[in-house]
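Here is a short tour of one part of a protein model, written for someone who likes to have the structure open while reading. Take a look at it first, and then we can walk through the strands and turns together.

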Amino acid sequence: MMKKIIFAITLAVTSFSFGQNNAKAETILNKVSENLAQQKNIRLEFTHTLENKMVNIKQSSKGSAIIQGDNYLVNYLDNVILFDKVNNYVISPENEEVNITPVKDIDDESLTPSKMLSFYKKGYTYQLDKKEGVVQYIKLIPTEESDEVSHILLGIDTNKYQITSLLEVGNNGTNTSFTITSYQTNQDLAANTFVFDKAKYKALGYIINE
């Protein structure tokens with residue numbers, strides 16, 4: 001589950017080639033990337049939904065994220081995920097536990113909040129899909145066959161060139177969606193926003209796994 005959250009909230013702007021993609025989709029995604037590159041930081045609130053109609057499952061949860069460069073702070077399912085470019089910290093108040101993973105042990109291929117709103121740049125072809133008001137949907141199809149993912153539907157506000165939603169359609173009937181309910185940029189952040197206070201959690205009696 002935590003990897004799904006990390007997958008969905010993401011933002012590094014890198015160069016890429018579009019191959020045989022739809023030209024209008026290319027233009028829209030380029031403008032999204034340009035917009036992201038101009039922001040000092042981004043604060044998001046989102047809803048995550050997991051649904052499989054075949055087995056009558058639908059679960060929704062809310063969360064939030066602050067992203068600045070490669071740093072991020074995610075609040076989801078009563079856990080806090082903090083990344084400061086040195087370590088990834090998963091803080092669980094329920095278990096009174098902190099799990100720390102050094103950056104060298106983090107999978108380079110994993111999608112993180114420092115990559116979300118531009119993960120589509122590698123490993124997908126994309127085509128225009130439906131349009132609802134100012135939101136244009138773009139269908140992303142994995143370039144390599146996947147047992148899990150059929151395609152991803154990315155919603156983009158074509159007035160602001162911001163990603164509004166992401167729907168991952170699974171081959172097993174399970175769909176995972178992230179809907180951004182609040183999107184703020186260039187916020188005044190506290191200097192310690194991305195600082196892990198080890199002494200604080202030790203004083204609270206948390207178990208710290210390093």
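## Two turns and the strand between them

Lys 85 sits in the loop that links S4 and S5. Please keep in mind that this is a predicted model. The phi angle of Lys 85 is positive, about 80 degrees, even though the residue is not a glycine. Most residues other than glycine have a negative phi. Lys 85 belongs to the hairpin of S4 and S5, where three residues lie between the strands.

A second turn follows on the other side of S5. Glu 96 is located in the loop between S5 and S6, and this residue, again not a glycine, has a positive phi near 50 degrees. The hairpin formed by S5 and S6 has four residues between its strands. Is Glu 96 buried, partly exposed or exposed? With a relative accessible area of 41%, Glu 96 is partly exposed, because that class covers values between 20% and 50%.

Now for the strands themselves. S4 covers residues 79-83 and pairs with S5 in the antiparallel sense. S6, residues 97-102, also runs antiparallel to S5. The table sets the two pairings side by side.

| Strand pair | Bridges | One bridge or facing pair |
|---|---|---|
| S4 and S5 | four bridges | Phe 83 opposite Asn 88 |
| S5 and S6 | six bridges | Tyr 89 with Ile 100 |

How much of S5 is covered? This strand, residues 87-92, is mostly covered, with five of its six residues buried.

Asn 87 gives a good close-up of S5, the strand in which it lies. Its relative accessibility is 16%, so Asn 87 counts as buried, the cut-off being under 20%. The side chain of Asn 87 makes a polar contact of 3.2 Å with the side chain of Tyr 89. Leaving aside residues up to four places away in sequence, Asn 87 touches Leu 82, Ile 100, Thr 101, Pro 102 and Val 103. Ile 100 thus turns up twice: as a contact of Asn 87, and as the bridge partner of Tyr 89.

Finally, let us turn to the surface. Which residues make the nonpolar patch of about 320 Å²? The patch is made by Met 54, Val 55 and Ile 57. Ile 57 has its place in strand S2, residues 57-68. Its relative accessible area is 38%, so Ile 57 is partly exposed; that value passes the patch cut-off of over 30%.

Conventions
Residues are numbered from 1 along each chain as its sequence is written. This is a predicted model: local features need pLDDT of at least 70, side-chain atom pairs count only at pLDDT 80 or more; totals for chains, interfaces and linings use all residues. Side-chain values use heavy atoms; hydrogens and water are left out. Buried means under 20% relative accessible area, exposed over 50%, partly exposed in between (1.4 Å probe, protein chains only). Two strands pair if DSSP finds at least two bridges between them. Patches are made of residues with over 30% relative accessible area and no salt bridge: like charges are joined within 9 Å, nonpolar side chains (Val, Leu, Ile, Met, Phe, Trp, Tyr) within 5 Å. Accessible areas come from the Shrake-Rupley method with a 1.4 Å probe; for residues, only the protein chains shown count as cover. A salt bridge is a side-chain nitrogen of Lys or Arg within 4 Å of a carboxyl oxygen of Asp or Glu. A polar contact is a pair of N or O atoms within 3.5 Å; within protein, one must be able to donate a hydrogen and the other to accept it, and residues adjacent in sequence count only if both atoms are side-chain atoms. Contact means heavy atoms within 4.5 Å.
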